[in-house]
Amino acid sequence: MAPALHLIGSKRHLKQLITILLDNAGKYAGENGRALLLARQEQDRALITINNTGEAINPEELQHIFERFYRVDKSRARRIGGYGLGLSIALNIVHMHRGSIRCESSRAEGTTFIVELPMK
């Protein structure tokens with residue numbers, strides 16, 4: 001069993017962060033896709049990765065995904081729901097906790113959000 005990760009911060013906001021990222025991964029994983037969350041310690045930081053096996057996000061879109069109201073695929077907005085605020089809120093929560101968040105996406109690996117947060 002892996003050791004527990006002890007983060008410094010707001011339990012409510014950290015829970016909201018994980019909920020947003022998992023919800024997003026589930027929405028975009030695709031019909032037969034999957035979402036995977038991994039958490040581990042790297043030196044004095046917690047590294048949380050959330051991956052989904054859905055369609056890749058093209059590089060031009062990646063630079064905008066944390067902007068408020070931004071939707072990668074406008075045609076999915078009605079089918080999937082939401083307002084394009086989740087990733088912007090996630091970014092704010094991560095910054096509030098003195099961490100960082102980024103997204104990597106490729107056809108082979110799917111889309112992965114990487115969150116780094118300071119630990120106790």
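Here are three short exercises on the sheet and helices of this predicted model.

**Exercise 1. The sheet**

Work out the strand order of the sheet and explain which strands stand at its edges.

*Solution.* Start with the order: four strands form an open sheet, arranged 1-2-4-3, with antiparallel pairing. Next, look at the ends of that order. Strand 1 (35-42) and strand 3 (100-106) each have a single partner strand, so one side of each lacks a neighbour in the sheet. Finally, check the twist: neighbouring strands are turned by 15° against each other on average, direction ignored.

**Exercise 2. One strand pair and the helices on the sheet**

Describe how strand 1 pairs with strand 2, then find what helix 1 touches and what helix 4 touches.

*Solution.* Strand 1 and strand 2 (residues 45-52) are joined by eight bridges in the antiparallel sense. As a landmark, leucine 38 lies opposite threonine 49 of strand 2. Now add helix 1 (residues 11-28), which packs on the sheet and touches strands 1, 2, 3 and 4 (110-118). The direction of helix 1 makes about 25° with that of strand 2. Helix 4 (residues 86-96) also packs on the sheet, touching strand 3 and strand 4, and its direction makes about 140° with that of strand 3.

**Exercise 3. Helix against helix**

Characterise the crossing of helix 1 and helix 4, and classify the residues in their contact.

*Solution.* First the geometry: the two axes come within 9 Å and cross at roughly 145°, and the crossing is left-handed. Then the residues: helix 1 contributes, among them, Leu17, Ile20 and Leu21, while helix 4 contributes residues including Leu87, Ile89 and Ile93. Sorted by class, this contact has nine nonpolar, four polar and no charged residues.

Note on methods. Residues are numbered from 1 along each chain as its sequence is written. This is a predicted model: local features need pLDDT of at least 70, side-chain atom pairs count only at pLDDT 80 or more; totals for chains, interfaces and linings use all residues. Side-chain values use heavy atoms; hydrogens and water are left out. Two strands pair if DSSP finds at least two bridges between them. Helices (H or I, at least four residues) and strands (E, at least two) are DSSP runs, numbered from the N terminus. Axes are lines fitted to C-alpha atoms, for helices over the stretch in contact, and angles run from 0 to 180 degrees between N-to-C directions. Contact means heavy atoms within 4.5 Å. A crossing is left-handed if the near helix is turned anticlockwise from the far one by less than a right angle, and right-handed if clockwise. Ala, Val, Leu, Ile, Met, Phe, Trp, Tyr, Cys and Pro count as nonpolar, Asp, Glu, Lys and Arg as charged, and the others, Gly among them, as polar.
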